[in-house]
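Reader: I should like to go through this structure step by step, beginning with its sheet. Please give the reasoning behind each answer.

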Amino acid sequence: RNPDTNRLDEMYQGLARIGVDPDGLSVIHIAGTKGKGSVAAYVERILRDQGLRTGLFTSPHLISPCERIRLDGTPLAEAAFVAYFWQVYGALGADAARWQERLPLPFFHFMTVMAFHVFVAERVDVAV
């Protein structure tokens, strides 16, 4: 059994708990060992230039976690990031009083679930 299967299941469960159906999004998933960020940025820009509303999720961030989630090429504003963070955090049933101790999912999984939530809420045409 693939040890990553439980991690994928955990993210799908997180999406279900916040009411996001990933099958409802048009998604381009870029995989590999090198160049994913560059390819994702190129693909997102091409789609945006064609008039589509785009969402881009990348990792890692350099300065701020807001950089990880972009709408139409622009990083998510800090106020929007905070609002979406608490929406997802609460929907996952986490205790807001203990937020500094532990996220309800590992950080990358939490950010992935949050990105899907943002992309659905912002009605992107395609998420990369």
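Reader: How many bridges join strand β1 to strand β2, and do the two run parallel or antiparallel?

Author: The model is a predicted one. Strands of a sheet pair through backbone hydrogen bonds, in either a parallel or an antiparallel manner. Gly 55 stands opposite Leu 71 in β2. Strand β1 covers residues 54-57 and β2 covers residues 69-71; they run antiparallel, and the bridges that join them number 3.

Reader: Which strand runs parallel to β1, and which residue in that strand is the bridge partner of Thr 54?

Author: β1 is joined to β4 by 2 bridges, and these two strands run parallel. Within β4, Thr 54 has as its bridge partner Val 126.

Reader: Which strands stand at the edges of the sheet?

Author: The sheet is open, has 4 strands with mixed pairing, and follows the order β3-β2-β1-β4. A strand with a single partner has one side left without a neighbour in the sheet, and this applies to each of the edge strands, β3 (74-75) and β4 (126-127).

Reader: Are the residues on the two faces of β1 buried or exposed?

Author: In a regular strand, side chains alternate between the two faces of the sheet. In β1, Thr 54 and Leu 56 are on one side, while Gly 55 and Phe 57 are on the other. Both faces are covered, and these four residues are all buried.

Reader: Which strands does α4 touch, and what angle does its direction make with that of β2?

Author: Helix α2 (residues 36-49) lies across β1 and β4, and runs at about 175 degrees to β1. Helix α4 also packs on the sheet, where it touches β1, β2 and β4. The angle between the direction of α4 and that of β2 is about 15 degrees.

Reader: Is Val 118 buried or exposed?

Author: Val 118 belongs to helix α4, which spans residues 107-121. Leaving aside residues up to four places away in sequence, Val 118 touches Ile 69, Leu 71, Leu 76 and Tyr 84. Its relative accessible area is 0%, and because buried means under 20%, Val 118 counts as buried.

Reader: What distance separates the C-alpha atoms of Val 118 and Phe 85?

Author: Val 118 and Phe 85 are 33 residues apart along the chain. Their C-alpha atoms are separated by 9.5 Å.

Reader: Which residues does the cis peptide bond join?

Author: Most peptide bonds are trans. Here one bond has an omega of about 0 degrees and is cis. Pro 60, in the loop between β1 and β2, takes part in this bond, which joins Ser 59 and Pro 60.

Reader: Where is Asp 72 found, and what is its phi?

Author: Most residues other than glycine have a negative phi. Asp 72 is found in the loop between β2 and β3, and at 28% relative accessibility it counts as partly exposed. Although Asp 72 is not a glycine, its phi is positive, at about 50 degrees.

Reader: Is Arg 123 buried or exposed?

Author: Arg 123 lies in the loop between α4 and β4. Its phi is near 55 degrees, a positive value in a residue other than glycine. Since exposed means over 50% relative accessible area, Arg 123, at 69% relative accessibility, counts as exposed.

Reader: What percentage of the protein chain do buried residues make up?

Author: The chain comes to 4 helices and 4 strands, which run α-α-β-β-β-α-α-β from the N terminus on. Of the 128 residues in the protein chain, the buried share is 34%.

Notes. Residues numbered from 1 in each chain as written. Predicted model: local features only at pLDDT ≥ 70, side-chain atom pairs only at ≥ 80, totals over all residues. Heavy atoms only, no water. Buried < 20%, exposed > 50% of the residue type's maximum accessible area, 1.4 Å probe, protein only. Contact = heavy atoms within 4.5 Å. Pairing = 2+ DSSP bridges. Axes fitted to C-alpha atoms, helices over the stretch in contact; angles between N-to-C directions.
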